[in-house]
Amino acid sequence: MISTRLSVIDEIFLRTHRGYGIPIALQGIWRTNDTVTRHELVRVHQELAIGQLGRTVGKPRIPGARLRWNISSDSLPLEYGNEAVDDVIGWADSQADVPLDPQYGPGWRLTAAPLTHGGTVVSLVCSHALADARGLIDAAARAFPGGRTPAPLEHPGSDVREAITMILTVLLRSIAATARLWVSKKARAELRAFTTADTGGVAPHRARQMHAVIVDIDAAEWDSAAEHVGGSANSLFVSVVAATMGELGSPAVAVDIPFRTGSGDANPIGMATVAVRGDDSPAAIRAACKAAFGKPVGAPAGYPPEIVQLLPHRIAAKLTSTPGRGEVLCSNIGDIPSAVTTLGPHRSGGLATRAIHPNPVDAVSTIRMSTYISRMNGNYTLSLVCTDDALVGSSAELTSALQRALATRNLAGKPW
C-alpha cells in the first residue's frame, strides 16, 4: 500500500524544488522502431493521471502532522512533437525544462516525438518527490496497454491522529536516544561526527548544465565479465562508474548506492555510501558494498529521523541535504517489467532510466554525477548524467571516458 504521508526522504526531494539543492526529476526514455500514434499515448496519459503519479503535496491543518499526499488528476498536456528528432539524448534533456511542481502540481509530464530514421521516442518525467526511478517505471507499467489497473490512492486520514502519533514517536525515541548518550561512548561519537560533518568531506558544486551519455551493453557479456572477476552485475556497474570517474581525474570517490526498503513511501529507499577507487576490482567492491548495506546512512545515535519533519525547511535542509553522503550515485533499477517492453503492438527498441535536473543553473549539490543501470531485451542500459563542469566539459568527453572504462573490462557500449 502506498503511504499517504511524506517520508523524510520524500521531503528531501520536495525541498530541492524550493531552492534547497538541485531539482531532481526521474525520467524513463522509450524508443520504438515503428510509429506510436498520439491516440495510443492519450490512453497512457489518462491512466498515468489516475495512478500513483496523480497526486500533490498537501499541508496538514494540525501542527506536528506530516505533509500528506492529496489525490490530483491535474496534468500537463500530452505533447507530441511534429519535428523529427535526431539527437535522442538532447531531446530527452529538455523534457523536464518545465515547472514540475510536486506540491501544487503537476509533478509529471509525458511527451513524444518521431525519430529521424523512423520510430518514436517517448519520455516520462516526474519530480523525484513523487517517486523513485523504480516507482516511475512501475507507474508506467500500470498505465501501458495490458498493464495492471492503477492502484487506488488512499486518503491521508486524520491530521489530529497523525500529529499525536508523530509527536509521541519523536519524543519517546528522542528521550531514549538522549539517555543512551550518557552510557554509550559510541553513541556520543556518532552524534559528534554527524553534527561536525557538513557534507561527509564531499565539496558541493554549483550546477551549470547537464552532460549525459546513454549506452547499451550486451547483458550476457556484462554478466560474464562480472562472474570472471568474482563480482556481480551491480558491483561491476559501480566499478565501471568509478573507473569513469578515474578517467576524468577523480581516482577515489564516495559512491551512494540506494536500495529498496519496501516501506510503501513515494521513495522507499535507503542509502549506503562506500568509498571506491577506479582500479578497485568488482570483487572488492562487492564486499565493500555488502558491509556498507549493514550501516546505511541515517539519523545518528538512535535519534528518530522523523525529527527533521518537525523543523523548519531551512534547518531540515542543513541536517539532511541529500539522502546520502557521496559525490556519485549508482542506482541499479534491475529488470524492466514486461508490461513496458511493449506499448500496444509496438515493441521497445530500448529503454533508459536516469535522473535529470530541471533548470539546474547555480543550484548547489554534492552529487557530481548520477548513474543508472537497467536490464531489458538482453541488454543493460547504462545512463550517466554529470552536472559538474569542473569534472566534465562536454557529453563527448563523458562518453569517451566511459568507453575507456568499459574497454579495460573488455566491454563496449553502443551509444544512443
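1. F259 has a relative accessible area of 25% and is therefore partly exposed, since that class lies between the limits of 20% for buried and 50% for exposed. F293, at 33% relative accessibility, likewise counts as partly exposed. These values, like those below, come from a predicted model.

2. The count of aromatic pairs comes to 3. One of them joins W222 and Y380 in a tilted arrangement, with 5.6 Å centre to centre and 45° between the planes. This pair links distant parts of the chain, as W222 belongs to helix α7 (residues 219-228) and Y380 to strand β16 (residues 379-386), 158 residues apart. Both W222 and Y380 are buried.

3. F259 and F293 form an aromatic pair that is edge-to-face, with 5.6 Å from centre to centre and 75° between the planes. Here too the pair links distant parts of the chain: F259 lies in strand β9 (residues 252-260) and F293 in helix α9 (residues 282-293), 34 residues apart.

4. Helix α2 comprises 12 residues (residues 38-49). At 1.5 Å a residue it should span 16 Å, and its end C-alpha atoms are indeed 16 Å apart, in agreement with that expectation.

5. The buried residues of α2 are L41, V44, H45, L48 and A49. Seen down the helix axis, they fall within an arc of 135°, so the buried residues line one face of α2. The elements that cover them include β4 (79-80), β5 (108-114), β6 (120-127), α4 (133-143) and β12 (342-343).

6. An open sheet of 6 strands, with mixed pairing, runs in the order β4-β5-β6-β1-β13-β12. β4 and β12 stand at its edges with a single partner strand each, so one side of each has no neighbour in the sheet. In general, strands of a sheet pair through backbone hydrogen bonds, either parallel or antiparallel. β5 and β6 are paired in the antiparallel sense over 7 bridges; among the bridge partners, P114 is matched with T120 in β6.

7. Two helices that pack on this sheet deserve comment. α2 touches β4, β5, β6, β12 and β13 (346-356), and its direction makes about 170° with that of β5. α4 touches β1 (25-32), β6 and β13, and its direction makes about 45° with that of β1. Contacts with β6 and β13 thus appear in the lists for α2 and for α4.

Technical notes:
Residues numbered from 1 in each chain as written. Predicted model: local features only at pLDDT ≥ 70, side-chain atom pairs only at ≥ 80, totals over all residues. Heavy atoms only, no water. Helix = DSSP H or I, 4+ residues; strand = E, 2+ residues; numbered from the N terminus. Expected span 1.5 Å × (residues − 1). Buried < 20%, exposed > 50% of the residue type's maximum accessible area, 1.4 Å probe, protein only. Arc of directions from axis to C-beta. Contact = heavy atoms within 4.5 Å. Pairing = 2+ DSSP bridges. Axes fitted to C-alpha atoms, helices over the stretch in contact; angles between N-to-C directions. Phe/Tyr/Trp six-rings, centres within 6.5 Å; stacked < 30°, edge-to-face > 60°.
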